[in-house]
Amino acid sequence: EYMTTNHATSLKNVDLSAAASVGEYAFAMCAELENVKLGEAITEIPQYAFASCEKLAAINLEKIQSFGEYAFMETGALTSVDLSAATKLGKYAFVNGAVLTSVKLNPEGTDMDEGAFAYCTALNQVENLNAAKNIGDYAFAYNTLTEVDLTAAETVGKHAFMKEQQAELKVTLGEALKSLGDNPFALCTVEPFCKTETVEFNGVS
């Protein structure tokens with residue numbers, strides 16, 4: 001059961017080089033944990049595994065393929081994350097990342113569930129977002145992104161990029177788009193977007 005008290009208050013560094021997996025809630029609420037080294041065999045971070053690790057500043061995530069819900073919620077010291085192998089981010093995987101400023105997604109595409117980066121208010125750079133096909137409800141709500149390239153997006157959920165207050169946002173949509181949720185760009189000043197085609201009619205373009 002997820003507890004609301006801090007755990008392992010002396011634990012600052014963890015070396016999981018020889019580990020094959022990490023369990024659910026494994027390091028949740030370890031408020032003093034600062035550094036984690038994951039082993040080559042670990043490909044999944046399950047739900048709540050590092051939730052509320054307020055001082056966690058360094059962890060190698062570049063080979064992790066999937067993240068469970070709330071896996072890194074309220075990690076107050078992570079400034080950047082390399083998720084270049086991730087194909088799936090669960091609900092609220094990185095919610096409330098107070099100082100998270102940059103994210104590198106999979107260049108082949110990362111599916112993001114509801115609220116994956118919601119309330120990451122310092123987030124202003126997301127690499128490879130243009131390859132993502134499915135972006136869940138509130139996935140990037142309340143961040144400081146000023147430009148989003150959604151060229152490969154098939155679905156964009158409701159309030160996916162909503163802001164706390166009125167702000168400009170440049171949006172690029174692509175041919176793959178199938179659905180937009182309710183007001184995905186709420187409180188964003190966005191130029192009207194449309195598709196322009198040249199057609200021939202009676203010999204005239």
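A strand here is a DSSP run labelled E of at least two residues, and a helix is an H or I run of at least four. Keep in mind that this is a predicted model.

**Exercise 1. Get the overall picture of the chain: how many helices and strands are there, and how much of the chain is buried?**

Solution.
- Start with secondary structure: the chain has 17 strands and 0 helices.
- Next, the outline: along the principal axes, the C-alpha atoms fill a box of roughly 75 × 35 × 25 Å.
- Now burial: 42% of the 205 residues count as buried.
- On the outside, about 10,500 Å² is exposed, and carbon and sulfur atoms supply 46% of that area.
- Last, look at contacts with a separation of 6 or more: 20% of them come from residues 24 or more positions apart.

**Exercise 2. Take the rings of Tyr48 and Tyr70: which class of pair do they form, and which parts of the chain do they tie together?**

Solution.
- There are 13 aromatic pairs in the structure, so let's pick this one apart using two numbers, since a ring pair is described by the distance of the centres and the angle of the planes.
- The centres of Tyr48 and Tyr70 are 5.0 Å apart and the planes sit at 15 degrees. Planes under 30 degrees apart count as stacked, so this pair is stacked.
- Now place the residues. Tyr48 is in the loop between β3 (44-45) and β4 (58-59), while Tyr70 is in the loop between β5 (66-67) and β6 (80-82), so the pair links parts 22 residues apart in sequence.
- Finally, check accessibility, with 20% as the cut-off for buried. Tyr48 has 14% relative accessibility, so Tyr48 is buried. Tyr70 has 23%, so Tyr70 counts as partly exposed.

**Exercise 3. Do the same for Phe140 and Phe161: what is the geometry, and are the two residues buried or exposed?**

Solution.
- Geometry: the ring centres of Phe140 and Phe161 are 5.3 Å apart with planes at 5 degrees, so this pair is stacked.
- Location: Phe140 sits in the loop between β11 (134-135) and β12 (147-150), and Phe161 in the loop between β13 (155-156) and β14 (167-168), so the pair ties together parts 21 residues apart in sequence.
- Burial: both Phe140 and Phe161 are buried.
- Zoom out: Phe140 and Phe161 belong to one aromatic cluster, along with Phe27, Phe50, Phe67, Phe72, Phe94, Phe117 and Phe185.

**Exercise 4. Find the largest and second largest pockets: which residues line them, and which classes are they?**

Solution.
- The largest pocket has a volume of about 200 Å³. Its lining is Val171, Thr172, Leu173, Gly174, Glu175, Phe193, Cys194 and Lys195.
- Sort that lining by class, with Gly going to the polar group, and you get 4 nonpolar, 2 polar and 2 charged residues.
- The second largest pocket comes in at about 170 Å³. Lining it are Glu168, Leu169, Lys170, Val171, Thr189, Val190, Glu191, Pro192 and Phe193.
- Its class count is 5 nonpolar, 1 polar and 3 charged residues.
- Compare the two lists: Val171 and Phe193 turn up in both linings.

**Exercise 5. Describe the surroundings of Gln166: where is it, and what is it in contact with?**

Solution.
- Gln166 is in the loop between β13 and β14.
- With 53% relative accessibility, Gln166 counts as exposed.
- Set aside the neighbours within four places in sequence, and Gln166 is in contact with Leu187, Cys188 and Thr189. Thr189 also lines the second largest pocket.
- For a distance check, the C-alpha atoms of Gln166 and Gln65 are separated by 35 Å, with their positions 101 residues apart along the chain.

How values were computed: Residues numbered from 1 in each chain as written. Predicted model: local features only at pLDDT ≥ 70, side-chain atom pairs only at ≥ 80, totals over all residues. Heavy atoms only, no water. 1 Å grid on protein atoms, 1.4 Å probe; cavity = no way out; pocket = protein on both sides within 12 Å on 5 of 7 lines; lining within 4 Å. Points joined across faces, edges and corners; volume = space filled by probe spheres on them. Phe/Tyr/Trp six-rings, centres within 6.5 Å; stacked < 30°, edge-to-face > 60°. Buried < 20%, exposed > 50% of the residue type's maximum accessible area, 1.4 Å probe, protein only. Contact = heavy atoms within 4.5 Å. Areas by Shrake-Rupley, 256 points an atom, 1.4 Å probe, with all protein chains shown as cover.
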